[in-house]
Amino acid sequence: VIKHFVDSLAISNVYNMIPVKNVIDIGTGAGFPGMVLKIFYPDIQFTLLDSLNKRVGFLKEVANELSLNKIEAVHGRAEDFGKSEDYREKYDIACARAVANLSSLIELCIPFVKPGGYFIALKGSEIEEELKATFPDARVLRLDADSTSSRDSFSSYLDDFANGKYDIMLGTQMVAKGLDFKDVTVVGVL
């Protein structure tokens, strides 16, 4: 259980959550990462979307028991809600954890992201194969503990990434920016 909480909070390692106004968690299941993030960021509006009404009922009960405000648990499918004017292009961040492969997640989640917003996918060890399949021509910077042992080396890698030398940064946090999406940055956390 602790791993699920830590994984959920990893989003704040790649994105400053303080200016965020709203987040949608697609396929939230038991509320990872959305419910965990809501507890840590009470001022942000969260929408937790899941296709199973039983899970949605559970999430509503948890939010009520914890006296959480600015949170909505919604029963529905991402394919349908992504077409709705009430949800389409309304969120600063759309996130998903353990829902589908990366190419499917992109199709499901991007419609919810407002221009200039972020899609954050929490992915596991299969991410390299998914990246190759989804973005075969991407320039990948692979980081590990040795390559980022000093603050200066890590900062220089971030600068190279921000300046467009690489499309994807893969390591303890992976960020894919500007690939095939004009106004949305794709971000994933390992």
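In the protein chain, 63% of the contacts with a separation of 6 or more join residues 24 or more positions apart; contact means heavy atoms within 4.5 Å. This is a predicted model, in which local features need pLDDT of at least 70 and side-chain atom pairs count only at pLDDT 80 or more, while totals for chains, interfaces and linings use all residues. Residues are numbered from 1 along each chain as its sequence is written, and side-chain values use heavy atoms, with hydrogens and water left out.

The protein chain has eight helices and nine strands. These are DSSP runs numbered from the N terminus: helices are H or I with at least four residues, strands are E with at least two. Of the 190 residues, 47% count as buried. Buried means under 20% relative accessible area, exposed over 50%, and partly exposed in between, with a 1.4 Å probe and protein chains only.

**Helix 3**

Lys 38 is in helix 3, residues 34-40. Lys 38 is buried but has no salt bridge, and Asp 43, the nearest side chain of opposite charge, is 6.7 Å away. A salt bridge needs a side-chain nitrogen of Lys or Arg within 4 Å of a carboxyl oxygen of Asp or Glu; Lys and Arg count as positive and Asp and Glu as negative, while His and the chain ends are not counted. The side chain of Lys 38 does reach the backbone oxygen of Pro 42, at 2.7 Å. Beyond its neighbours within four places in sequence, Lys 38 is in contact with several residues, including Phe 46, Leu 68 and Ile 71.

Ile 39 is also in helix 3. Ile 39 counts as partly exposed because its relative accessibility is 41%.

**Helix 6**

Leu 102, Leu 105, Ile 106, Leu 108 and Cys 109 are buried in helix 6, residues 102-109. The buried residues of this helix pack against strand 1 (22-26), helix 5 (78-81), strand 4 (91-97), strand 5 (113-122) and helix 7 (127-134).

**Backbone exceptions**

Most residues other than glycine have a negative phi, and most peptide bonds are trans. The peptide bond from Phe 32 to Pro 33 is cis, with omega near 10°, and Pro 33 lies in the loop between strand 1 and helix 3. Two residues that are not glycine have a positive phi, as tabulated here.

| Residue | Phi | Loop | Relative accessible area |
|---|---|---|---|
| Ser 67 | near 55° | between helix 4 (53-65) and strand 3 (71-75) | 59%, exposed |
| Glu 89 | about 55° | between helix 5 and strand 4 | 46%, partly exposed |

Notes. A polar contact is a pair of N or O atoms within 3.5 Å; within protein, one must be able to donate a hydrogen and the other to accept it, and residues adjacent in sequence count only if both atoms are side-chain atoms.
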